[in-house]
Amino acid sequence: MFKLLFIIGLSNLLLNSCKTAPKSDKASAVKGEYGQSASSFKFVPQTWSKEERREFWYLSQGSYIIPYNWFLALSNNKQEPFISNMDAFGYIQVDGKDKLPIGFTKEEPTDKFPTLKDNGQWLGISCAGCHVGSIKHEGKEVIIEGAPAMTEFRNFSVALETELRHAIEKDYDNFAYRVAARGTPIPSREEAELVLKNFAERNNRSFKRRDGSLIACGPSRTDAFSVILNEVTAANLGEDTNLRDADSPVSYPHVWGAPQLRWVQWNGLTNNAFTRNIGETLGVFARLEMDPNKPNFLSTTTNFKGIIRLEELLRTLSPPKYEDVFGKGSIDRDLSWAGKGVFDAECASCHATPANVVTNTFGARFNDVTMVSLGVLGTDPEFFINLQQRGNSKTVHFTNSSVLAKIRPMLPKLKFANDDLKNRIMSRFAGNPSAPLKAEDNGVRLLAETTFAIALKYIIENDIVIGSPEFANLTGGADFEQQSKLGAFKARSLEGIWATAPYLHNGSVRTLAELLKPVERREATFKIGAKDFDKDAVGYQSEGRFVFNTAQTGNSNAGHKWGTDLDETKKLALIEYLKSL
């Protein structure tokens, strides 16, 4: 019966739309006409094979934005296929033939959540959407795996909502025709409106202030923590009073060497990539059930195999070499050697390169980091102010309990390699299981407990022994330790730092040369978005679609005064040395 209705509906649409279908219909169905020629790109040797590189670009993590064929059926206000203009948001398309830009995925339909089981594959975003950078050099775009991407996900997502809204509300018949022509069942208007409603609400939580105005992120930045917290504490709990403006964007960090770090994230909040990546997926359109009264409590669309494979790939990714981009001899080796002495005196106490190695209780070795308090560092405080605002979040189902208390019945199913590990993990559940969350940190703690609980649920369901080689592969050898040095930023070793501009956690300093200037002499405004590189100052040239204003809240370029009082000769030597790392 359904097939018959589908055929009748498609026939009617074909008859009714043949005269009114927009000129872009043919273009949107043609494969291979988007993207640049492969000859216009250069790929830096970073250990990965061509196959591993592409696997990373399109690796699923369980993100569901809108149905995939709906995305391909959309056009922009110039009646061009929406997908043909992804470079407007900074995304890179290496080749055509219906290949998505770097950083997007095709997610399979799932019956875990009713709204995701129909309409075929869904459009998602991968890790590469934020962590594949590029530099323009000698007429080529040089792709750097793991570098901050010059992308604007906020602008993309808001523009996608605008075009989807127009298609559904103003041009539904033509839109449905284009969807059906791709072999996807025609959505009912009510179904299409529900997808739009859910998408728009998600955008509002992530990219708009409570007064409805858009938050200015710019390229290479997002307020990831606030976006994730809005999803977990507001959307997933059904508690709108927990919403906060996600208006403290931070730069996308570079990710080579990240799996080997003692602590991850800008504020070093976790040492466990598995729980970190679970939380990250919740900020990029993964779904989660947070009602402990439902049988699918803690069910999520997070693609666990995908995020495990992600870490396996990143463990082998090497930092980019400056001379692989700009040619042999592009570093002055004598000047660089002089700069090493400056680095050892000025930088190495926080940024030891190579890093000092520490061994954890599992026997796993990690590169140590230095946690530097905000008071010492002196950079923009808005990131931490936003986190502190989560102290009065309502925890709804968990007001007189906790997420961990709700999963207590699952604990006997956990398996441990030895009693010491068992005691350490189970200590997280010690005390009164119905004790309320702490008032001063319950929003952030709720997120930490949720990702920890999801991880334990996965471990139990897949019969993984904590402390086994399989567990080590899952977490990279890390345990589930919690950060004790809150209110601090992580300082790591600086391999490949030359390819990670702009600098500081909020991207407020355009180049390394600017970072070494006294704060009052740093650029108050600059443009960002273009990919032409300033080899002398080391960073992107002040060009592009976005004007970064350091006077705006969250954008201060103050702090990190180390090296600012050096003479110009030593500064030049230090910069030359940083190119060589």
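**Close-up 1. Two phenylalanines, F82 and F89, form an aromatic pair.** A residue counts as buried when its relative accessible area is under 20%. In this predicted model, F89 has 12% relative accessibility and is therefore buried. F82 is at 4%, so F82 is buried as well. By the rule that ring centres lie within 6.5 Å, the count comes to 33 aromatic pairs. One of them is F82 with F89, with ring centres 6.0 Å apart and planes at 25 degrees to each other. Planes under 30 degrees apart count as stacked, and the pair of F82 and F89 is stacked.

**Close-up 2. F384 and F489 form a tilted aromatic pair.** The centres of the two rings are 4.8 Å apart, and the angle between the planes is 55 degrees. This pair links distant parts of the chain. F384 belongs to helix α16 (residues 382–388), F489 belongs to strand β13 (residues 488–491), and 105 residues separate them. F384 and F489 are both buried. A pair of aromatic rings is described by two values, the distance of the centres and the angle of the planes.

**Close-up 3. An aromatic cluster includes F82, F89 and F285.** The other members are F71, Y91, F104, F153, F156, F199 and F207. At F285, a charged group is also present: the charged end of R202 sits over the ring, 4.7 Å from the ring centre.

**Close-up 4. Strands β2 and β3 run antiparallel.** Strand β2 covers residues 104–107, and 4 bridges join β2 to β3. F104, a member of the aromatic cluster, stands opposite I125 in β3. In a regular strand the side chains alternate between the two faces of the sheet. Strand β3 (residues 122–125) is covered on both faces. W122 and G124 are buried on one side, and L123 and I125 are buried on the other.

**Close-up 5. Helix α9 is mostly covered.** Of the 12 residues in α9, 10 are buried. The buried residues are F225, S226, V227, I228, L229, N230, E231, V232, T233 and A234. Their cover includes α8 (189–207), α10 (273–282), α16 and α19 (442–461). Helix α16 also holds F384 of the tilted pair. Helix α9 spans residues 224–235, and its end C-alpha atoms are 15 Å apart. At 1.5 Å a residue, the expected span is 16 Å, so the two values agree.

Definitions and conventions. Residues numbered from 1 in each chain as written. Predicted model: local features only at pLDDT ≥ 70, side-chain atom pairs only at ≥ 80, totals over all residues. Heavy atoms only, no water. Phe/Tyr/Trp six-rings, centres within 6.5 Å; stacked < 30°, edge-to-face > 60°. Buried < 20%, exposed > 50% of the residue type's maximum accessible area, 1.4 Å probe, protein only. Helix = DSSP H or I, 4+ residues; strand = E, 2+ residues; numbered from the N terminus. Lys NZ or Arg CZ within 6 Å of the ring centre and 35° of its normal. Pairing = 2+ DSSP bridges. Expected span 1.5 Å × (residues − 1). Contact = heavy atoms within 4.5 Å.
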